[in-house]
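Thanks for coming, everyone. I'll walk you through a structure that's new to most of you, so please bring it up on your screens.

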Amino acid sequence: MSAPAPWQAPWQATVLTLFPDMFPGPLGLSLAGKALAAETWRLETVDIRAHARDRHRSVDDTPFGGGSGMVMRADVTAAALDAVADRPGPRVYLTPRGRPLDQGLVREWAAGPGLVLLCGRYEGLDQRVIEARDLVEVSLGDFVLSGGEIAALAMLDACVRLLPGVMGAASGADEDSFENGLLEYPLYTQPRTWEGREVPEVLLSGHHAKIDAWRRAAAEAVTRARRPDLWRAYRGDDDQS
Ligand code: ADE
């Protein structure tokens, strides 16, 4: 683990949430936890409720126009965002309505100075604060979580593992799924025979060119079968219409 050079500011994560105790959570362990202890990155949480102004400390209210659930108030959420206006990085609002997160966006954000992440709860956030504070809306996928916190943890994990020194030289981020537009090829280790199943012969050959070719073909096959969208983009016949 190499700490950043003294003149280089650590990558800064600022998380606005109604549940600050959910952080760092799993990011306090393993690679991300070691990097946090080494100050390769920093984590600051902001309790949105601390910015409520009324006696009941309310952060939400019923939706204008009716409907079920509650909506996070623009004034309270904006006050929380404005309190960290000087923190570096794009302001990201985690919501199933957002642009899907992908490895390209993760790479871009990991290469920047940090992120400010706003975790939604209830039915969502008043639209006016999204527009007024220029929030980038990002989704983890086509499913609904009970709040943005677990999405924020996942997003931070994806970014932090790409920070210089976090993964170590041995593990190649270059071969991860999506880095070359394909899903990753299958992996094998000891024992060579397990429950009567053998490791593909070519992987034992020591012939690096053949191994590379086999892996490339296997990565293409799995991508084609599981992810026609990635396969079309990889082949260059991605008609966006
Ligand atoms: N909050 C709730 N569901 C979410 C999702 N799928 N992605 C990001 N944030 C969310």
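Before I talk about domains, a word on the term: the domain bounds here come from an automatic or database domain assignment. With that in mind, what you're looking at is a predicted model, and the protein is divided into domain 1, residues 10-160, and domain 2, residues 177-235. How far apart are the centres of domain 1 and domain 2? Taken over C-alpha atoms, the two centres are separated by 36 Å.

Okay, pockets. The largest pocket has a volume of about 610 Å³. It has 20 lining residues, and the closest to the pocket's centre are Asp102, Gln103, Phe178, Arg227 and Leu230. If you'd rather think in elements, β5 (91-100), α3 (103-110) and α7 (228-235) each give two or more residues to that lining. So where does this pocket sit relative to the domains? Domain 1 and domain 2 both contribute lining residues, so the largest pocket lies between them. As for chemistry, the lining of the largest pocket has eight nonpolar, eight charged and four polar residues.

Now over to the second largest pocket, with a volume of about 430 Å³. This one is lined by 26 residues, and Tyr93, Thr95, Pro96, Glu123 and Gly124 lie nearest its centre. The elements giving two or more residues to the lining here are β5, β7 (124-125), α4 (127-132) and β8 (136-139). Which element gives the most? That's β5, with five residues in the lining of the second largest pocket. By class, the lining of the second largest pocket has 13 nonpolar, nine polar and four charged residues.

Next, have a look at strand β6, residues 114-119. It's mostly covered: six of its six residues are buried. And you can go face by face. On one side you've got Gly114, Val116 and Leu118, on the other Leu115, Leu117 and Cys119, and all of these are buried.

Who pairs with β6? One partner is β1, running parallel to β6 and joined to it by five bridges. Strand β5 also pairs with β6 in the parallel sense, over four bridges. In that second pairing, look for Arg91, which stands opposite Val116 in β6.

Let me stay with β1 for a moment and pick out one residue, Gln12. It lies in strand β1, residues 11-17, and its bridge partner in β6 is Gly114. Is Gln12 buried or exposed? Buried counts as under 20% relative accessible area. Gln12 has 12%, so it's buried. If you leave aside neighbours within four places in sequence, Gln12 is in contact with Arg42, Glu44, Pro88, Pro113, Gly114 and Leu115. You'll recognise Gly114 there as the bridge partner of Gln12.

Last stop, a separate bit of sheet. Three strands form an open sheet in the order β3-β4-β7, and the pairing is mixed. Here β3 (60-61) and β7 stand at the edges, each with a single partner strand, so one side of each has no neighbour in the sheet. Between β3 and β4, residues 71-72, the pairing is antiparallel, over two bridges. To find that on your screen, look for Asp60, whose bridge partner in β4 is Met72.

That's my tour, and I'm happy to go back to any part of it.

Conventions:
Residues numbered from 1 in each chain as written. Predicted model: local features only at pLDDT ≥ 70, side-chain atom pairs only at ≥ 80, totals over all residues. Heavy atoms only, no water. Buried < 20%, exposed > 50% of the residue type's maximum accessible area, 1.4 Å probe, protein only. Contact = heavy atoms within 4.5 Å. 1 Å grid on protein atoms, 1.4 Å probe; cavity = no way out; pocket = protein on both sides within 12 Å on 5 of 7 lines; lining within 4 Å. Points joined across faces, edges and corners; volume = space filled by probe spheres on them. Nonpolar A, V, L, I, M, F, W, Y, C, P; charged D, E, K, R; others polar. Pairing = 2+ DSSP bridges.
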